[in-house]
Structures are given as structure tokens and as C-alpha cells.
Amino acid sequence: MSHPLWSGDFYNEGTGKDDIFDTLKEECGVFGVYGHSDAASLSYYGLHSLQHRGEESCGMCVANGKEFNYHRGMGLVKEVFDKDTMASLVGNMSIGHVRYSTSGDSRLANAQPLIFKYRDGDLAIATNGNIVNAPQIRHELEQSGSIFQTTSDTEVVAHLIARSSKGVVEAAKDALARIVGGYAFLIMTNDKLLVASDPHGLRPITMGKLGDSYIFSSESCALETVGAELLRDIQPGELLILDKDGLKEDRYTEPQRKALCAMEYIYFARPDSDLNGSNLHASRKRMGSRMALESFVDADIVTGVPDSSISAAIGYAEQTGIPYELGLIKNKYTGRTFIQPSQELREKGVKMKLSAVRGVVEGQRVVMIDDSIVRGTTCLRIVNLLREAGATEVHVRITSPPFKNPCYYGIDTPDRKELIAANKTVEEICREINADSLAFLSPEGLISAVGGDNANDPSGGLCLACFNNDYPTTLDFDGEEKAGCGC
């Protein structure tokens, strides 16, 4: 069965289960600025640095103390914002968002930030993550008269705030205390910016300083881009309030068991970002090194599947002494401007994005490092690329434990029945992907590599639910489970 490269008007619109690559889809990214005269320009560059977290739509809302100016669109940051648009976004406070849709439809109405009028003025909300009890709350709100304009989970929070008789800060605290899930919120009014992290810290968000201005980002790499100094991570259950009186550090709930998403370390975050004080490139190198200690295989070269597995491949190579080579090359220009390909080319669509370097792998025993296996179809295609290029052996090493369970906190994952590791043994998966050998990193190896920061927690302060089925929150609400990224 062929897999279409896209189902909508442009590349990546609505891609998911039918994407030619079955890798896990990025969540979303948020970026906020408070107290800078050119907040829009900072947000533009910040969102550009977070583009890897969402490529379907993006948006920005800027406040000047009196009104909102905002713009949203389908496509990449560089496609949605032009010179004229940026000139209209005047103000010293802004929030921005890049989005990959999963549970919400792929359409402009769901692009963020979401903008609302309510009794106290204007309200804008952007989030990264997912609210697992959103269907229950949405149903209650609709029963009492609320009219929803989008299919996004984020709108639930806006309605909870708008219906409250309290001021925006206390209303936001009540709303955040009501929802369950993994999330990082930026909430903006005409004169305030609120920043919040979920009680488990599942979704990352960092704070930086640029002069007298405060900058907030899903990843620290975007702070570096705009020249801001990284101050710290926003803590689980924390609520920051920024207004004319400065920065106030508050809470809307007590922190729960720390459970930062392990896939941020393994796959999602850029290698130049830091999480919990640990650089991602260094962490991934340690994953590769630990993988070599746990599952060494004699080979001629080591190569990583670009881009997220390059760091781990270097670590594996350094630990074993086997040379690291660029055996696989990613085409970085397969963006949204493709002419619809022929059926024959579509069936070979993997070659549009990835090529094996024959001059490097021909006649070689290859260790192929990758970060995860979802359904197994992509790994099979890549192994076959290496074999077609003349590799005599292909040994696959995965720098995460077997992915057996769906994520409910903002990663687009298939049902458990479609996850190959949930239904087959390692030996069966090895045969399925046409590899000579296959090994996964142990959970203990992963925790050790990323420097798990909680000695009293066997999960090391990470959410490992996709590997061990130990979810940090309740998932069932009135018999209805919710999965996927609601942002």
C-alpha cells in the first residue's frame, strides 16, 4: 500500500498516520516576550528557532497596552510573516506559537495564539501540550451555553477564564487547577503576561532575560537566537505574572512527581538546547555511549539517521572506536513547494528525504543508530536504503527503550495496536525491519544518560509512560480517554 506524502493543499498539512515517515510528530512550540519595544521581531526569530516543533501553522499576537495586533497562518514562519505583516505588529509584549496538529483539525481556525474578547478586554492563549480531560470540560461548558469556535483543547482554558467572576490571574489559577495533562501555557491580556507549567513539568518551558525584558520559550535554543540569557526552567505547577509591577513568581498548585517528557531528550528538542541544566547534544552522546556498552556489535562504520540521531551515533562511535561516517544524508529542502509527484516516485518517497551514501556504506558492516521505532515501516525503508547502497550488514541500535504505549500529553502517537514494539518481540522486529541485529537502550541506561535529577524516583524525574505504561496523571474521565496533541 502506498503512503501519500500529503493529504491537503501543501506539504505536511494533516500528515500523521499516512506520512511516508512514521516517526513521532513534534508537539508545538511557544515563545513569549515581555517588556521589549520590538517584541514582534524577537518573537519572529524565536519562533523560527522552534520551527522543528511544528510546521503546519504559526501565529503571533502583540499587545501595546491598548489593543492586540495579531497574525496567524498555515505554513512555516518564513512563509506566514512578511515585512508588511511584521510592521503592523507593534507592541512591547507578545506571544507566539508554531503548531503541529494532531487531535485538532489542520485549519487556520486552530492556529495559535487563540484570540478572544471578554469582559475585561482582550485575551490571547498559546500552549504546547495536551489537556486529557478537555472533552469532559468542553461538554460541561457547552451544556451551560458556551459556544466553541475551534476544535483545539486550548479553547477550554479560555472559556474557563472568561466565565470566571474573578480577575484574570485568579481565574487562570482556577482554570489551570481544573485541567489535567501536560502543558506549558502563555496567557496574555492587554497589560499582563502569564506563564504556567503543568504540575508534573511534562512539557518544557524556559525563562530568559534580555536587558530588562523577559523571554519565554519551549526550548533554550530560541533564547540563544535572540541573545537572551537563560535564567531557569519554569517549575511544575508554577505561575509567573508579568505586569507593570514587574515579575511575580506564584503557584496555582503544588508540584507533583516530576515527569519531564523523555522524548524531549531522545528526539524532539534541538541539540543546542538545554533541559534541566543538561545539554541535549551531550545527553544524546551519552545515550549512544551507553548503547555501545549495553549492545556492542563488531562493525566497520557507525552512522546516524539524521538529524536527531547524529549525536548518539557520535557517542556510540567514540565509545567503540568504530569510525563515525555520514552514511545517510537528509534532503533539507523537501518543503511545501513540491509539485505533486508521480505514483512511482511517491512509492519511493523515502528517497526524497533521505539518501544512503554508496561511497561510504558499500561493502561495509554498518551500525545504524536511530532514536525510536514507531510502526517499523520507516526503519525498514532506511535499512533497505543502506542495503541497496551496498552495505553487507546493517545492525540497528535504538537509543530509547521499546515504544509500547501511546502518549496522552502532546505527542502524536498511534494506537497501541499499531506500535510494533507493543505487539512483537525484539527478534520479530529485527526480522520485520530486515536488520542483521537490533537492540534498544535500557530504561536505566536512558535515565543515566540524561542525568535524571531525582534520586528518589526510579524514573529519574522523567515521564517514561510510552515505554513502561506508568502515566503520571489520571487518563480516564467519565469513561472517555483522550490521546494526542490538543494544541
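Where does Asp 371 lie? In this predicted model, Asp 371 sits in the loop that links strand E20 to helix H14, the latter made of residues 377–388. This loop is a good place to begin a tour of the structure.

According to the UniProt annotation, from an unreviewed entry, a "binding site" covers Ser 308, Asp 370 and Asp 371. These residues span 64 positions in sequence, yet no two of their C-alpha atoms are more than 7.9 Å apart, so they gather at one spot. Asp 370 belongs to strand E20, which runs over residues 365–370. With a relative accessibility of 7%, Asp 370 counts as buried, because the cut-off for burial is under 20%. Asp 371 also counts as buried, at 3% relative accessibility.

The surroundings of the two aspartates can be read from their contacts, leaving aside neighbours within four places in sequence. Asp 370 touches Val 305, Ser 309, Arg 397, Ile 398 and Thr 399. Asp 371 is in contact with Ile 266, Tyr 267, Ser 308, Ser 309, Ile 398, Thr 399 and Ser 400. Ser 308, in this second list, is also covered by the annotation.

Strand E20 is part of an open sheet of four strands, arranged in the order E17-E20-E21-E22 with parallel pairing. At the edges are E17 (301–304) and E22 (437–440), each of which pairs on one side only. From one strand to the next, the twist averages 20°. Strands of a sheet pair through backbone hydrogen bonds, in either a parallel or an antiparallel manner. Here, E21 (residues 393–398) is joined to E22 by four bridges, and the two run parallel. Ile 398, a contact of both Asp 370 and Asp 371, has Phe 440 of E22 as its bridge partner. Helix H14 lies across E20 and E21, and runs at about 145° to E21.

On the edge strand E17 is Ile 301, which counts as buried at 5% relative accessibility. Its contacts, again without close sequence neighbours, include Ile 322, Pro 323, Val 360 and Val 367. Ile 301 and Ile 322 are 21 residues apart along the chain, while their C-alpha atoms are separated by 5.7 Å.

A different kind of pairing appears elsewhere in the chain. Strands E5 (residues 114–118) and E6 (residues 121–131) pair in the antiparallel sense over five bridges. The two strands form a hairpin, with two residues between them. Within this pair, Ile 115 has Ala 124 of E6 as its bridge partner. In a regular strand, side chains alternate between the two faces of the sheet. E5 has a covered face, with Leu 114, Phe 116 and Tyr 118, and an uncovered one, with Ile 115 and Lys 117.

What, finally, lies in the interior? In soluble globular proteins, nonpolar side chains tend to be buried together. The largest nonpolar core in this model holds 48 residues, of which Met 263, Tyr 409, Leu 446 and Phe 467 touch the most other members. Elements giving two or more residues to this core include helices H8 (262–268), H9 (280–294) and H10 (310–320), as well as strand E20. H8 provides the largest share, six residues. Another core, of 30 residues, lies apart from this one, and among its members are Ile 137, Val 169, Tyr 183 and Leu 194. Strand E20 thus links several parts of the picture: E20 contains Asp 370, belongs to the open sheet and contributes to the largest core.

Definitions and conventions
Residues numbered from 1 in each chain as written. Predicted model: local features only at pLDDT ≥ 70, side-chain atom pairs only at ≥ 80, totals over all residues. Heavy atoms only, no water. UniProt positions renumbered as here; feature names shortened; annotations may be inferred. Buried < 20%, exposed > 50% of the residue type's maximum accessible area, 1.4 Å probe, protein only. Contact = heavy atoms within 4.5 Å. Pairing = 2+ DSSP bridges. Axes fitted to C-alpha atoms, helices over the stretch in contact; angles between N-to-C directions. Core = buried A, V, L, I, M, F, W, Y, C linked by side-chain atoms within 4.5 Å.
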